[in-house]
Amino acid sequence: MKNAIVSIVLGCAMAVSATAYAAGDTGNTTPASGAQQGANAKSSMSHGEVKKVDNAAGKLTIKHGPLENLDMEAMTMVFKVKDPAMLSQVKVGDKIDFVAEEVDGALTATKLQKQ
């Protein structure tokens, strides 16, 4: 009888731990290191080519690859820029890496760097 109870308890413990493992709850809550965060930020940047710089409107037209964070396919579209100084950093034809986000309902380039 004792062996049966021990077997049932061990079986339940194994089932619970297997369920937690399958759900991804391994208890690892270690934050990413600075290098990992930098790599994640770099990988979240999209790649594109500047097609038009509109200083008066504070906008860039960019032919870009997929925007994973916005679930958008590759296309050419117009983006507002977070900081108007970003417009002076680029010219038509420049290859860029950028981050696009929806800010106040408008697609906005929030980070930008030339390749």
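## Exercises on a five-strand barrel

Strands β4 (residues 95-103) and β5 (residues 106-114) run antiparallel and are joined by eight bridges. The model is a predicted one: local features need pLDDT of at least 70, side-chain atom pairs count only at pLDDT 80 or more, and totals for chains, interfaces and linings use all residues. Residues are numbered from 1 along each chain as its sequence is written, and side-chain values use heavy atoms, with hydrogens and water left out.

### Exercise 1: Elements and confidence

Task: State how many helices and strands the chain has, and where confidence is lowest and highest.

Solution.

Step 1. Helices (H or I, at least four residues) and strands (E, at least two) are DSSP runs, numbered from the N terminus. The chain has two helices and five strands, and from the N terminus their order is α-α-β-β-β-β-β.

Step 2. pLDDT is the predictor's confidence in each residue, from 0 to 100. Its mean over the chain is 80, with 63% of the residues at 70 or more.

Step 3. Confidence is lowest in helix α2 (residues 34-43), with a mean of 46, and highest in β2, with 98. The pLDDT is below 50 over residues 33-42, and this stretch has three contacts in the model beyond near neighbours in sequence. Contact means heavy atoms within 4.5 Å.

### Exercise 2: The barrel

Task: Give the order of the strands in the barrel and describe how β5 pairs with β3 and β4.

Solution.

Step 1. Strands of a sheet pair through backbone hydrogen bonds, either parallel or antiparallel. Here two strands count as paired if DSSP finds at least two bridges between them.

Step 2. Five strands close into a barrel in the order β1-β2-β3-β5-β4, and the pairing is mixed. From one strand to the next the twist averages 55 degrees; axes for such angles are lines fitted to C-alpha atoms, for helices over the stretch in contact, and the angles run from 0 to 180 degrees between N-to-C directions.

Step 3. Strand β3 (residues 75-81) pairs with β5 in the parallel sense over two bridges. Lys 80 stands opposite Thr 108 in β5.

Step 4. The pairing of β4 and β5 is antiparallel. Glu 101 has Thr 108 in β5 as its bridge partner, and Glu 102 has Leu 107. The two strands form a hairpin with two residues between them, and Asp 104 in the turn has a positive phi of about 50 degrees.

### Exercise 3: Salt bridges

Task: Find which residues are linked in a network of salt bridges, and say which strands Glu 49 and Lys 95 lie in.

Solution.

Step 1. A salt bridge is a side-chain nitrogen of Lys or Arg within 4 Å of a carboxyl oxygen of Asp or Glu. The whole structure has four.

Step 2. Lys 51 and Glu 49 form one of them, at 3.6 Å from N to O. Glu 49 also meets Lys 95, at 3.2 Å. Glu 49 lies in strand β1 and Lys 95 in strand β4, so this pair ties together parts that are 46 residues apart in sequence.

Step 3. Glu 49, Lys 51 and Lys 95 are thus linked in a network of salt bridges.

Step 4. Another salt bridge joins Asp 94 and Lys 91, at 3.1 Å from N to O.

### Exercise 4: Buried or exposed

Task: Classify Thr 61, His 64, Asp 94, Lys 91 and Lys 95 as buried, partly exposed or exposed.

Solution.

Step 1. Buried means under 20% relative accessible area, exposed over 50%, and partly exposed in between (1.4 Å probe, protein chains only).

Step 2. Thr 61 belongs to strand β2 (residues 59-64) and is buried because its relative accessibility is 16%. Beyond four places in sequence, Thr 61 touches residues including Glu 49, Lys 51 and Val 78.

Step 3. His 64, also placed in β2, is buried because its relative accessible area is 4%. Among the residues that His 64 contacts beyond four places in sequence are His 47, Phe 79 and Phe 98.

Step 4. Asp 94 is buried at 9%, whereas Lys 91 is exposed at 51%. Lys 95 has 45% relative accessibility, so this residue is partly exposed.

Step 5. For the whole chain of 115 residues, 24% count as buried.
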